[in-house]
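Subject: A structure for you to look at

Hi there,

Here is the structure I promised to pass on. Have a look at it first, and then read my notes below.

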Amino acid sequence: RDGGAQPTSGPFPAPDRPVSDIVSPRWSDDADRDRIDETGQIARALGIKAGMAVADIGAGTGYHAFRLAPLVGANGRIYAEDIVPRYLDALEADVRRRGARNITVVRGTVDDPKLAAGSIDAAIMVHMYHEIGQPYGLLHRLAPAFKPGGRLAIIDNDGPTSRHGTPPALLRCELAAVGYRQISFAKLKDDAAYIAIFAAPAPEALPRPDQIKPCKG
């Protein structure tokens, strides 16, 4: 398999597919993302509004975190999560520099986003799902963080996981293996990527780790 964020030892099965390397804290040029209103498209698809709590999993430079923060407002909260120490150090410094009081930087691990139970209304994973070394563990431990009715949006390209993409059928299979249910799928406007939105499973509906069957990639 390719390199990347390798799974820690634990009860969850390894993905039966390549995992891409984590090569950069950003997917593409900020101006290009601004041009297609990437954050706006995601926010509208998830119904993000003032007062909500949103987790940006794999936040990198904080591109989406900083743009979502004004949408959730002073009474909302953005959790900017990542696992790469140097990305996190730079992000924490940028949050302080900008005085972004409603952004909390979270240091996760490859199989645990380290978010408190019942803390978020929604989560996003933008151009990073293919880099998750332990998707089953991460998704399983993310599920309790959602409030009732929580939604997860995954944005990625339709391509091999070894080449920084995720085939939609594989994505649906891996999410379903942990109890997530796809509720919509669409292409981003003016971009090659897709946005897939999933309903998070209730904690009591989560399968046991030994019940999870890896999907063939």
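Let me begin with a term: a crossing of two helices is called right-handed if the near helix is turned clockwise from the far one by less than a right angle, and left-handed if it is turned anticlockwise. Please keep in mind that this is a predicted model.

With that term in hand, look at the two helices H5 and H6: H5 passes H6 in a right-handed crossing. Two packed helices are described by the angle between their axes and the distance between the axes. Here the angle is about 55 degrees, and the axes of H5 and H6 are 9 Å apart. An angle from 35 to 65 degrees falls in the oblique class, and H5 and H6 are therefore oblique to each other. Where they meet, H5 brings Pro 135, Tyr 136 and Leu 139, while H6 brings Glu 174, Leu 175 and Ala 177. By class, that contact has five nonpolar residues, one charged and no polar ones.

Now stay with H6, which covers residues 168–177. Which of its residues are buried? They are Pro 168, Leu 170, Leu 171, Glu 174, Leu 175 and Ala 177. An α-helix has 3.6 residues a turn, so residues three or four places apart point the same way. The buried residues of H6 pack against H5 and also against strands S5, S6 and S7. H6 lies across those three strands, running at about 15 degrees to S7. After the helix comes Gly 179, with a positive phi near 100 degrees.

Next, the sheet. Seven strands form an open sheet in the order S3-S2-S1-S4-S5-S7-S6, and the pairing is mixed. S3 and S6 are the edge strands, each pairing on one side only. On average, neighbouring strands are turned by 20 degrees against each other, direction ignored. S1 and S4 pair in the parallel sense over four bridges, and Asp 56 stands opposite Ile 124 in S4. Helix H3 packs on the sheet as well, touching S1, S2, S3 and S4, and its direction makes about 165 degrees with that of S2.

One last residue to find is Gln 182, in strand S6. Is it buried or partly exposed? Gln 182 is partly exposed, because its relative accessible area is 27% and the partly exposed range runs from 20% to 50%. Leaving out residues up to four places away in sequence, Gln 182 touches Arg 172, Ala 196, Ile 197 and Phe 198.

Happy exploring!

Definitions and conventions:
Residues numbered from 1 in each chain as written. Predicted model: local features only at pLDDT ≥ 70, side-chain atom pairs only at ≥ 80, totals over all residues. Heavy atoms only, no water. Buried < 20%, exposed > 50% of the residue type's maximum accessible area, 1.4 Å probe, protein only. Contact = heavy atoms within 4.5 Å. Axes fitted to C-alpha atoms, helices over the stretch in contact; angles between N-to-C directions. Parallel < 35°, antiparallel > 145°, perpendicular 65-115°, else oblique. Nonpolar A, V, L, I, M, F, W, Y, C, P; charged D, E, K, R; others polar. Pairing = 2+ DSSP bridges.
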